[in-house]
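Please open the structure in a viewer and keep the selection tool at hand. This tour proposes one selection after another and states what is found at each stop.

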Amino acid sequence: MSQDKVGSGWSIKEIKCPPKLKEVLIKAIEDPENFWGNIAGELYWLKRWDKVFEWKYPFFKWFVGGITNVSYNCLDRNVELLNRGDKPALIWESGELGESRVLTYKQLYEEVKKFAATLKALGVKKGDRVTIYMPMIPEAAIAMLACTRIGAIHSVVFAGFGHLALADRIMDAEPKLVLTADLGYRRGKKIKLKDTVDRALEVWSKSVEKVVVLKRGEEEPNMVSGRDIYWDEALEMGKGVDAEVEWMEANEPAFILYTSGTTAKPKGTVQTHGGYQVYIYSMAKWVYDMRESDIWWSLTDIGWIVGHSYVVYAPLLIGCATIMYEGTPDYPSPHILWEIIERRKVSKLWLSPTLIRALMRFGEEIPKQHDLSSVKLIFSAGEVLNPAAWDWLQNKVFEGKAPVIDHMWQTESSGPMVGNPCGIVMLPIKPGSAGIPLPGVDADVVDNEGKSMPPGVKGVFVCKRPFPGLTPTLWRDPDRYAKTYWYKIPGYYYTGDAAMRDEDGYIWFIGRTDEVIKIAAHRIGTIEIENVLVSHPAVAEAAVVGRPDPLKGEVGCAFVTLKPNYSPSEELKKELRQLVREKLGPIVIISDIFFVSMLPKTRSGKIMRRLIKAIIRGEELGDYSTIEDEAAIEEIRKAVESLKK
């Protein structure tokens, strides 16, 4: 069934771009075996694959029969084959503690071998799961690379999650080991991570044999006799234990990473040793123009896919230096991010739209006090980068000297799907668009029956075939995988993202498919309205959802946070309504505007519009374990209650 979709509908051949890029895009679709085989050949394989791609819809495999190891390609290959041992590999900066540390490729390689031996001494074997619940410190990256080195499957859980969210993920992965630290730090406060692990293991602990605790504070954490062991003691156990690479068939799992369901349990996306490393390495080159000489800084946590792919694995596959940052980008002062860029001479920067909007609050005078001339490219993803935020960073902070490039991907894709392939050819930037489908991503915008939509018409962004970075399954739940991603619009990979395509082939994302409002039979994306609201000088952030209306079907309902020195007023509400009317037309009706101090967001910075929608409609909230601050929910509730009075 799915094979019939390939080449049908809109084609990447229709993208307007220079011949050099067009040739790459066409080759990736028409001859994927050679296309992906050639780029895979730049990495090390103990045994070359028998077949590049095998597809038994909806399940697929990449580099079948190939023997490799992602940790080997990150470290051993750089030290032993490419003579990069003395180059900086991992640069750790802590805004919280004011400390830093640099590990060369040789030093990181030795640390990973030591911890791999430790894991083996603790009984971890190929295929065993290891849950990592740690702050943004070098030991967390070392643990990830040590797991994949010996064929264990790591499951990193963001260290801001509460005990129930952690327990859910432990219950599903059934790890033999949990790795944690006694403390994390956030805005100067101590976060007792070990206590959270203890509470999670009170909920479920059947498979867990040991908890390894890295001690950072002066106080002794609660240690459970016979189960818990300090990191240093565990390292002693590993001395003399063989820690050589476990060679893996390309389709054996490297890690599980959970992404939240709306009401059901979190989904455990799986990534493999073969397809994953080939894809993130390719996109590092094509999208990020990442080079061995780069000082790369992705401001994200290893608890998210961006942290896996572009804090840890891909920069090491390329052979550049990667910065790992503990803290928030405006603590202990709003200078910290810019100061690190200046001091470390960062060449390429990855920021989320939420982070950019947060920095906007402080204005451009702060970054202008720092030398940012080392920065050549800035990338943003996670949500649509509002044109106003893009303009601020591009033109006011970097004064047009470094392109700010939006792009789109998902936990499930492991790397970018839509972007500006500036490592091949830099395309014109269209603020508000994520760019074009990237090489090997055979995409389209379709209706719910799979019919290709013409330019300017909203639909669902889908893929017609798998690519190497796409998760091939959900952990121990292939049925849910098939239903969630491949059977909603049969024959297509369903992203759940609403989008439209323009005449040049650029993709414009307008929200999740359930974040499109239908006002008097007209479909409008919530992000389109939010972009207009954020363009007002008083507005810092906005979240828009649909509210049922007996006459129009739905109307827009907006929640707005203001920049410093601006105050809520009825006059400001009128201005904002008028701005939306002017920019989007009278059909777009904003019935209510609420001024709030914060919006409900995930800890990775995404606005949780579905929670706002559920509150407005009086529905169950479902799983919101990823929320940054639960107080945001109460503020939305109070605002909505005021409607009823």
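The stops below cover strands, salt bridges, cysteines and a surface patch.

**Before starting**

This is a predicted model, in which local features need pLDDT of at least 70 and side-chain atom pairs count only at pLDDT 80 or more, while totals for chains, interfaces and linings use all residues. Residues are numbered from 1 along each chain as its sequence is written, and side-chain values use heavy atoms, with hydrogens and water left out.

**Stop 1: strand 14 and its partners**

Select residues 253-259, which form strand 14. Helices (H or I, at least four residues) and strands (E, at least two) are DSSP runs, numbered from the N terminus. Is strand 14 largely enclosed or open? Six of its seven residues are buried, so the rest of the structure largely encloses strand 14. Here, buried means under 20% relative accessible area, exposed means over 50%, and partly exposed lies in between (1.4 Å probe, protein chains only); the areas themselves come from the Shrake-Rupley method with a 1.4 Å probe, and for residues only the protein chains shown count as cover.

Next, add residues 153-156, which are strand 7. Strands 7 and 14 pair in the parallel sense over two bridges; two strands pair if DSSP finds at least two bridges between them. Within this pairing, His154 stands opposite Phe255 of strand 14.

Then add strand 15, residues 267-272, which pairs with strand 14 in the antiparallel sense over six bridges. To locate one of these contacts, select Thr259 and its bridge partner in strand 15, Lys267. While viewing the strands, recall a general rule: in a regular strand the side chains alternate between the two faces of the sheet.

**Stop 2: salt bridges**

A salt bridge is a side-chain nitrogen of Lys or Arg within 4 Å of a carboxyl oxygen of Asp or Glu. How many salt bridges does this rule give? The count comes to 44.

Select Lys176 and Asp128, whose side chains meet in a salt bridge at 3.1 Å, N to O. Lys176 lies in the loop between helix 8 (163-173) and strand 8 (177-181), and Asp128 in the loop between helix 6 (105-121) and strand 6 (129-133), so the pair ties together parts that are 48 residues apart in sequence. Both Lys176 and Asp128 are buried.

Move to Glu236 and Lys239, where the closest N and O atoms of the salt bridge are 3.0 Å apart. Glu236 is partly exposed at 49% relative accessible area, and Lys239 is exposed at 59%.

Finally, select the group Arg357, Glu383, Glu530, Glu541, Lys601 and Arg609, which are linked in a network of salt bridges.

**Stop 3: cysteines**

How many disulfides does the structure hold? The number is zero, a disulfide being a pair of cysteine sulfur atoms within 2.5 Å. Select Cys147 and Cys74: the closest cysteine sulfur to that of Cys147 is the one in Cys74, 13 Å away, too far for a bond. Cys147 is buried, at 0% relative accessibility. For Cys422, the closest cysteine sulfur is in Cys320, at 14 Å, again too far for a bond. Cys422 is also buried, with a relative accessible area of 12%.

**Stop 4: a nonpolar patch**

To finish, show the surface and select Leu164, Met171 and Val203, which make a nonpolar surface patch of about 250 Å². Patches are made of residues with over 30% relative accessible area and no salt bridge; like charges are joined within 9 Å, and nonpolar side chains (Val, Leu, Ile, Met, Phe, Trp, Tyr) within 5 Å. Leu164 is found in helix 8.
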